[in-house]
Amino acid sequence: MSFWIALRYFFSRQIFSLVNIISLITLFSVIFITTSMVLVLSTFNGFSDYHQEINKKSYPDLKIEHINLSTFNTEDLINKLDFFYKDSIITYSEVLEREIIIQYVQKNHDYESKIDKKSYAVIKGVSKDYGRIYPAFNLNSNNQDQVNVIESDFNGGFNGFLNNPNLIIVGQNLASRIDLKVYNANNFNQKLRVWYLNNDNSKPQLYFNENLKTTAIFKLGENTIDNIVFADINKIQKIFNLYESSYVELGIKNKSDINKIQNKIQNKIGENYIVKNRMQQSPLIFKIIQTEKLVIYMIFVLIIIITMVTLIGSMLILINQKREDVSILISLGYPIKIVRAIFTYLGIFIVFVGFVLGVFFGYILCLIQKNMGYLKLETTAGITPYPVQINLNDIIIIMFLILSIGFIISVILSRIVFSKK
């Protein structure tokens, strides 16, 4: 009975009555808030997915570090990892990562310096399985996200550093800062020098090496990779006189079992090492996204509560307008709780219809942005559409927030107004 009376009031034919106008204002407010929440949260989800895609390019599936040491002997660790490697569960590469200053000099025909630039860089010594861990570095694959070779010689090529220990490949961002060119054996005016610190006799000393030659310059579109120099790990260990590794990077064959494999490897290698997944390798960015998302929820909760003031106004006006109807119902013997339920249902109707329409409009706008990409975002990889991704969990949370706040306000208002007969 209360439900149908409330439904009748909601679809009242008196469209231009004061109560209907205020109800429509409340309805449009809920629609606007819901649409905004869907759009904002979908954008946050899109950025989260975007950063996960970046992580796939920049970080391995799993990474093993020593719990205390910055570099360590990997012999014992590799023996344990071979158990998984032989079963074709993983692929791994030892990595020695060091900080360097890279200097490029290009003289003209009069042997005067035409280019002489230096830049800070990170050099990573890797093994031959590195391309199997990062599909983007496997030029034989059909991976659409694979690296773009900007410049390469005809002898070593992009994968030359895996076959010749004196060859290196360099990211485009780093190469552009020092105007670096690929090594040309016929160009006697070209010189590449790598400066580094070596702790001989516990005293830091500055050394340089001129044997490394650039075989290729690549672009992946991510600064974390495009500012790195890749070389053969044995060569880097020899240069630094450090026959250890900074960490071990792992590629997992079956990505769906990555958490299970992570736990198995952790149990196998012991407490001296820690196995990190992609999120654990770069926790800060994901914590920032989650924190910002929580703040957005809190802001929207306050906005919803403020918006519900119009709901209170429309219900008070409607109750005043329907005084005769209420008197008739009470005279007929209907209990006060039925009268309260009528206006409680009415408030819920307004909020529910606004929520449904808001989700619909939000979904349509997200769909348009996803397919058409009208809003653009400038990234290191170029201009790309703003990423959006609708998450069902967010829709459920929005529904809970709006409907629960609307329900609480409707119930409290009905009880206050009809506290006495």
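Me: How are H3 and H8 oriented to each other: parallel, antiparallel, perpendicular or oblique?
Reply: This is a predicted model, where local features need pLDDT of at least 70, side-chain atom pairs count only at pLDDT 80 or more, and totals for chains, interfaces and linings use all residues. Residues are numbered from 1 along each chain as its sequence is written, and side-chain values use heavy atoms, without hydrogens or water. Helix H3 (residues 75–86) and helix H8 (residues 258–269) pack at about 140°, axes 10 Å apart. Angles under 35 degrees count as roughly parallel, over 145 as roughly antiparallel, 65 to 115 as roughly perpendicular and the rest as oblique, so H3 and H8 are oblique.

Me: How many charged residues are in the contact of H3 with H8?
Reply: Contact here means heavy atoms within 4.5 Å. On the H3 side you've got Leu77, Lys80, Leu81, Phe83 and Phe84, and H8 brings Lys264, Ile265, Lys268 and Ile269. They split into 6 nonpolar, no polar, and charged: 3.

Me: Which helix gives the most to the largest nonpolar core?
Reply: A nonpolar core is a set of buried (under 20% relative accessible area, 1.4 Å probe, protein chains only) Ala, Val, Leu, Ile, Met, Phe, Trp, Tyr and Cys residues joined through side-chain atoms within 4.5 Å. The largest one has 34 residues, and Met37, Ile304, Met308, Leu311, Phe343, Ile398 and Ile402 touch the most other members. Helices H2 (18–58), H10 (283–321), H12 (336–372) and H13 (392–417) each chip in at least two residues. With 10 residues, the top giver is H10.

Notes. Buried < 20%, exposed > 50% of the residue type's maximum accessible area, 1.4 Å probe, protein only. Helix = DSSP H or I, 4+ residues; strand = E, 2+ residues; numbered from the N terminus. Axes fitted to C-alpha atoms, helices over the stretch in contact; angles between N-to-C directions. Nonpolar A, V, L, I, M, F, W, Y, C, P; charged D, E, K, R; others polar.
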